[in-house]
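Here are a few exercises to work through with the model open in your viewer. Try each one before reading its solution.

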Amino acid sequence: MSILAFFFIVVSLLSFVVAQLVLKRAMEVSATSGLRNSRFLSLIAIGTALMTVSFFLTLGLLQRFDLSYLYPFQGLSVIFITLTAAVVLKEKLSLRLIVGAVLISAGIVLVSMS
Amino acid sequence: MPATCLQSQNLVGRAVLCTPNARRGTHGVARPTKTRGIRNILRQYARTLKKRMRDRPRGFGNPWLQLGLSVACVLVSEFLLKRGATQVAEPDSAFSWTGINGLASPLVWWAILLIIASFISWLYVLKYIPLTIAFPLSRVVDILVPLGCWIFLGESISPLRWCGIALVIIGLALVAKPIAQIEERL
């Protein structure tokens, strides 16, 4: 796999995960201060834009690679979320999470070699 | 990732969107510490869900049926996207990395409709089933997608790739529940 392809795969995943977090934040804002405020609207706009970016990058990748090749990479999004939780929520990572993340990474390495 | 984002869009993504945290504002409980407050909210939320689940709608409104529908929509949309993207593929042009040329294929539009449908039924599912149960169950797609690639798309999957896919699935099975718990808090 070329470095370029890997770059796009990671960017598409990252924009996806960040979009989720932003949208989630937007919903929290809406719960406290309603739907008609600029903060909520701008968060929704950012989230949707990031979502769109990740969708189109995916389409671009699908034109070049097998679905069975690209699909396992989505396990990376789970790892990104784990890391975010560890950093943002200062969570201690459980052994189960670490083992899972290691297995996912190993699987992705195998898939990218295939 | 490719199939990825779409997929996570439906699973991970939707999951984040609709966690009970969003309802924080509706519970005016004074809480001494942040964690204890969140725990209370989660407990209260679980009670609400249990009550709703007891008198859940039958037939088409059955949450389990909707969960299945949501998974099916994700699955089919993945295949449609792959098919659509292949139809319009221009691997030589740098512009096609952006994927925007994919919009030329009607299959891609059908896939977008299915993604929206799966999103709606997922939101419905979360009204009844806690994320820690619904999210791990929805990871069934991770098994169905590679199988479908092999059976329906006729992709030849090397033993090495099968091993990789298997490792990823085992890893996801391990983390699905803890991740759902994290997302409920995020």
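Two residues are in contact if their C-beta atoms, placed from the backbone, lie within 7 Å. Residues are numbered from 1 along each chain as its sequence is written, and chains are lettered from A and ligands numbered from 1 in the order in which they are written. This is a predicted model: local features need pLDDT (the predictor's confidence in each residue, from 0 to 100) of at least 70, side-chain atom pairs count only at pLDDT 80 or more, and totals for chains, interfaces and linings use all residues.

**Exercise 1.** Work out how many residues each chain brings to the contact.

Start by counting: chain A puts in 58 residues and chain B 59. Next, look for the elements of chain A that give two or more residues to this side: α1 (3–33), α2 (38–62), α3 (67–70), α4 (75–88) and α5 (95–113). Helices here are DSSP runs of H or I, at least four residues, numbered from the N terminus.

**Exercise 2.** Find the buried residues of α5(A) and what covers them.

First, the test: buried means 20 or more other C-beta atoms within 10 Å of the residue's own, with C-beta atoms placed from the backbone. Then go along α5(A): L97(A), G100(A), A101(A), L103(A), I104(A), G107(A), I108(A), L110(A) and V111(A) pass. Finally, their cover includes α3 and α4 of chain A, together with α7 (159–185) of chain B.

**Exercise 3.** Describe the make-up of chain B.

Count the elements: 7 helices and 0 strands. Then check burial: 43% of the 186 residues in chain B are buried.

Note on methods: Buried ≥ 20, exposed ≤ 12 C-beta atoms within 10 Å, placed from the backbone.
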